[in-house]
Each structure stands twice: as C-alpha cells, then as structure tokens.
Amino acid sequence: MTVSQSVITPLMTARSTLAIDVADRRKVRAALRKRKPRETGGILIGCRKGETGVLVVDAIETPDEYATDSTWTLRTAGANRMLADYLAELPLDSPFGYVGTWHTHPRPDPEPSSIDLDTFGKEAAGSDGLVAMLICSSDGRMTATVGNSMLEPTPAAIEDLASYD
C-alpha cells in the first residue's frame, strides 16, 4: 500500500519541535568536548507530543570505539542494552522510551550530512512513532530533524523542555 501525498501534506505543514532540557543539552556538549576530535553520540529518551513534537528527558551517550572525526555509528547491541537498563529503572506505566538519536560534529556545522539524512530517513520510514535526530557542532549550535513513516525527515525547532507547551 502506498501513502498518497494528500495524507502526508497536512503533517508536513505543521511546525515540528524537539523540546530538550538545558541539562541534557549541556550533557551533549560535554560529550562533544570529551571525545573531540572524534564524533560521538547516543540515544534520546522521551515521549511524543502529538504528531509533530518530541520531548526529550535524557540523552545517553553510546560511544563508538571506531568513531572518526567525520563518522559515528550507533552500535545497536550496546544501545539496546543501555536503553533496557534505563527503562528498567522507570515505573511500568512511564510514557518514556526511545525517541531517537543524537550525535556530534566536531566542526562548526550542525547541519545533517547526506549520510546523516540517509540513515535517519531509513529509521524514520520504519517507525510509526515520531523519531528525532539531534546534532551538536563544535561551536555548541544544535539542529534537530524529526520524521516517521508518514512524515519525511523535516527540520524541527529546538525548544526548552521547561517552557514547552
């Protein structure tokens, strides 16, 4: 079955957002400084808000021992283990779970590369729920992208979780 453009269009016109706590932004920036000149990254824990919002309550680093100054790979086995350990500490009725990935660019450009967009596009296309990708550059700037099987990867506004409505 294919999805018609008319189904996708209403979602694409809504403003997409990623709300993340200031402490988690600091955590990502600290990981960038610690691992520089190599990229690093990890998983985002949170929940979804409607069809276009992702709320991030934690950013967990999942180091890649093979990372370079231009590549970082999410090692699935390690990330799944870290995610399971994290979720095991939450109440059974917690709304929180995996909502995406984050990684660094150890240069002053937080824009997603073509590899970033391709990898994220594949993840988003296989997800019913909205997923996010957060990128932090060496100068501290961040960009976010969100998407799912009904929403092509789309740039998202980054908002402070404390003030998110």
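Me: Let's fix the scale: buried means under 20% relative accessible area, exposed means over 50%, and partly exposed is what lies in between. Where does Lys 122 land, buried or exposed?

Reply: Keep in mind that this is a predicted model. The relative accessibility of Lys 122 is 59%, and the cut-off to pass is 50%. So Lys 122 counts as exposed.

Me: And which residue forms a salt bridge with Lys 122?

Reply: Look inside helix H4, residues 114–125, where the two partners sit 4 residues apart, about one turn of the helix. Their closest N and O atoms are 3.3 Å apart. The partner of Lys 122 is Asp 118.

Me: How does Asp 118 count, then, buried or exposed?

Reply: Neither end of the scale fits here. Asp 118 has a relative accessible area of 42%, and values between 20% and 50% get the middle label. So Asp 118 is partly exposed.

Me: Which residues do salt bridges that share partners join into one network?

Reply: A search of the whole structure finds 8 salt bridges. Some of them have a partner in common, and the resulting network is made of Asp 24, Lys 27 and Asp 58.

Me: How far apart are the closest N and O atoms of Asp 24 and Lys 27?

Reply: Both residues belong to helix H2 (residues 22–35), 3 residues apart, about one turn of the helix. Asp 24 is buried at 6% relative accessible area, while Lys 27 is partly exposed at 37%. A salt bridge links them, with a closest N and O separation of 3.8 Å.

Me: What about Asp 58 and Lys 27: how far apart are their closest N and O atoms?

Reply: Asp 58 is buried too, with a relative accessible area of 12%. Asp 58 and Lys 27 form a salt bridge whose closest N and O atoms are separated by 2.4 Å.

Me: How many residues apart in sequence are the parts that Asp 58 and Lys 27 tie together?

Reply: Asp 58 is in strand E3 (residues 53–61), whereas Lys 27 is in helix H2. The pair therefore ties together parts of the chain whose separation in sequence is 31 residues.

Me: Staying with helix H2, what is the C-alpha to C-alpha distance between Ala 23 and Val 54?

Reply: Ala 23 lies in helix H2 and is partly exposed, with a relative accessible area of 42%. Along the sequence, Ala 23 and Val 54 are 31 residues apart. In space, C-alpha to C-alpha, the separation is 17 Å.

Me: Where is Pro 37, and is the peptide bond from Lys 36 to Pro 37 cis or trans?

Reply: Pro 37 has its place in the loop between H2 and strand E2 (41–49). Most peptide bonds are trans. The bond from Lys 36 to Pro 37, with omega near 20°, is cis.

Me: Now over to His 105: how does it count, buried or exposed?

Reply: His 105 lies in strand E4. Leaving aside neighbours within four places in sequence, its contacts include Leu 32, Glu 39, Asp 116 and Cys 136. Its relative accessibility is 1%, so His 105 counts as buried.

Me: Which residues does Glu 111 touch, not counting those up to four places away in sequence?

Reply: Glu 111 is found in the loop between strand E4 (97–105) and H4. At 45% relative accessibility, Glu 111 counts as partly exposed. What Glu 111 touches, with that sequence filter on, is His 105, Ile 135 and Thr 143.

Me: What separates the C-alpha atoms of Glu 111 and Thr 145?

Reply: Along the chain, Glu 111 and Thr 145 are 34 residues apart. Their C-alpha atoms are separated by 9.7 Å.

Me: Zooming out, in what order do the elements of the chain run from the N terminus on?

Reply: There are 4 helices and 7 strands to place. Read from the N terminus, the order is α-β-α-β-β-α-β-α-β-β-β.

Me: And what radius of gyration does the chain have?

Reply: The C-alpha trace spans about 45 × 40 × 35 Å along its principal axes, and 44% of the 165 residues count as buried. A compact globule with 165 residues would have a radius of gyration near 15 Å. The chain agrees with that, at 15 Å.

Notes
Residues numbered from 1 in each chain as written. Predicted model: local features only at pLDDT ≥ 70, side-chain atom pairs only at ≥ 80, totals over all residues. Heavy atoms only, no water. Helix = DSSP H or I, 4+ residues; strand = E, 2+ residues; numbered from the N terminus. Rg over C-alpha atoms; globule rule 2.2 N^0.38 Å. Buried < 20%, exposed > 50% of the residue type's maximum accessible area, 1.4 Å probe, protein only. Salt bridge = Lys/Arg side-chain N within 4 Å of Asp/Glu carboxyl O. Contact = heavy atoms within 4.5 Å.
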